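Here's a quick briefing to read with the structure open beside you. Take it topic by topic and find each residue as you go.

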Amino acid sequence: MVQTISWKDGTLTFLDQTKLPVEVVYEKQTDIRQVWDAIRQLRVRGAPALGVAGAYGILLGMRDKQSLPAGAFIDEMKKEAAYLNSSRPTAVNLSWGLTRMVRKAESVGNRKSDEIWAELEKEAVAIHREDIDLCRRIGESGKSLIRDGTGVLTHCNAGALCSTGIGTATAPMYTAFGEGRRFKVYADETRPLLQGARLTSWELQQAGLDVTLICDDMAAFMMSKGFVNLVITGTDRVAANGDTANKIGTMGVAILADHFHIPFYIACPSSTFDMNTATGDGIPIEERNADEVLFFGERRTGPEGVHVRNPAFDVTPHELITGFITENGIVGPPFSENLRRAFSK
């Protein structure tokens, strides 16, 4: 698998995903402001990866503050965590990773600041390692859904590029493929930033899977002709009742799957479940720059002065979801009851 995030000898490096699939470029991160910008500009992206990136970003933000008294160090860390969290409001994993780092600092707040920083580094590395293991376990949980000849549709990128392991939605695919099953994957291009085209189709092709790229508006046709008989996507946040925020267009895919009686699964780790948000109505939806819609690459495709909406996510109602593929198995309905039992802690 491609390495999206690296922390080695105090150096943080991100794979710049905005340059894929044309170039494979790794960018060294020198401070927390650069990490904020990398997250905001989608050079590093994907819910699980953002939890890891946020943890390492805090290390950069606090590295030059180790001479502060412990109390002042923790106060400054909380400010830096709030700043970094402002880069992407919808993905809950970023907030989760930052909160975990703050709690770790508070738990060792009786030590000197340089010792607190050293403990924070251990915590960030632990978050990183856990993400790799969670992806593997998600793959084990969902691999039985994929059989020889299955046609799997996925939307956006919930693959190795969205995590530091084998991804979430792609984890069952990689695991089934590794066990010898042969099947077809259909990747929606995912306008306006083409994460399905640029990222998912690229990484699956690199790994040797049979992947076919389709435009977003071709999904209904492919389903109607029987090419697709399973849908697996990722998610950036799941509310307590199972309503799920994912890349814009996911709700449409779920509606189509329901119409054609195709199982629709969400793959995600437990850190993506937000049990403090009752329903999808409470999930903040990021609105991005109009130029992402007005241009296709470098070419303008919309007239100057036209009104533009560019929500980055939509919320799929829980009624359209067959189940959640998690590191602890597949969770089915009723979601309000079963998710709380599985992930309330």
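**Around Phe296**

Leaving out residues up to four places away in sequence, Phe296 touches Arg191, Leu194 and Thr301. Keep in mind that what you're looking at is a predicted model. The rest of this briefing goes from single residues to salt bridges, then on to the sheet and its helices.

- Phe296 sits in strand S12, which covers residues 295–296.
- Its relative accessible area is 42%, so Phe296 counts as partly exposed, given that the partly exposed class runs between 20% and 50%.
- Pro192 is 104 residues away from Phe296 along the chain, yet the C-alpha atoms of the two are separated by 7.8 Å.

**Around Thr164**

- Look for Thr164 in the loop between strand S4 (151–154) and helix H6 (171–178).
- Is Thr164 buried or exposed? Thr164 is buried, with a relative accessible area of 14%, because buried means under 20%.
- The side chain of Thr164 makes a polar contact of 2.4 Å with the side chain of Asp131.
- Asp131 also shows up among the residues that Thr164 touches, along with Thr4, Ile5, Val52, His128 and Ile132, if you don't count residues up to four places away in sequence.

**Salt bridges**

- How many salt bridges does a search of the whole structure find? The search turns up 24, and three of them are picked out below.
- Glu123 and Arg100 form one of them, with their closest N and O atoms 2.7 Å apart. Glu123 belongs to helix H5 (residues 113–142) and Arg100 to helix H4 (residues 92–107), so this pair ties together parts that are 23 residues apart in sequence.
- Within that pair, Glu123 counts as buried at 14% relative accessibility, while Arg100 counts as partly exposed at 21%.
- Lys143 and Glu179 meet through their side chains in another salt bridge, at 2.6 Å from N to O. This one links distant parts of the chain, 36 residues apart: Lys143 is in the loop between H5 and S4, and Glu179 is in the loop between H6 and strand S5 (184–188).
- Lys143 is buried, with a relative accessible area of 18%, whereas Glu179 is partly exposed, with 43%.
- Arg288 and Glu292 make a salt bridge of 2.9 Å, N to O. Salt bridges with shared partners join these two with Arg40, Arg88 and Glu286 into one network.
- Arg288 is buried at a relative accessible area of 12%, and Glu292 counts as buried too, at 14%.

**The sheet**

- Seven strands make up an open sheet with mixed pairing, and you can trace them in the order S6-S5-S4-S7-S10-S15-S16.
- Why do S16 and strand S6 (210–214) each have one side without a neighbour in the sheet? They stand at the edges, each with a single partner strand, so nothing pairs with that side.
- On average, neighbouring strands of this sheet are turned by 25° against each other, ignoring direction.

**A closer look at S15**

- Strand S15 (residues 323–326) is covered on both faces: Gly323 and Ile325 are buried on one side, and Phe324 and Thr326 are buried on the other.
- S15 runs parallel to strand S10 (residues 264–267), and three bridges join the two. Ile325 in S15 is the bridge partner of Ala267.
- S15 runs antiparallel to strand S16 (residues 329–331), again with three bridges between them. Here Thr326 stands opposite Gly329 of S16.
- Two residues make the hairpin connection from S15 to S16.

**Helices**

- H5 lies across S10, S15 and S16, and runs at about 135° to S15.
- Helix H7 (residues 195–206) packs on the sheet too, where it touches S4, S5 and S6; the direction of H7 makes about 165° with that of S6.
- The axes of helix H2 (residues 47–62) and H4 come within 7 Å and cross at roughly 35°, and the crossing is right-handed.
- Residues making this contact include Ala47, Pro48, Leu50 and Gly51 of H2, with Asn93, Leu94 and Gly97 among those on H4.

Technical notes: Residues numbered from 1 in each chain as written. Predicted model: local features only at pLDDT ≥ 70, side-chain atom pairs only at ≥ 80, totals over all residues. Heavy atoms only, no water. Helix = DSSP H or I, 4+ residues; strand = E, 2+ residues; numbered from the N terminus. Buried < 20%, exposed > 50% of the residue type's maximum accessible area, 1.4 Å probe, protein only. Polar contact = N/O pair within 3.5 Å; in protein donor to acceptor, adjacent residues only side chain to side chain. Contact = heavy atoms within 4.5 Å. Salt bridge = Lys/Arg side-chain N within 4 Å of Asp/Glu carboxyl O. Pairing = 2+ DSSP bridges. Axes fitted to C-alpha atoms, helices over the stretch in contact; angles between N-to-C directions. Left-handed = near helix turned anticlockwise from the far one by under 90°.
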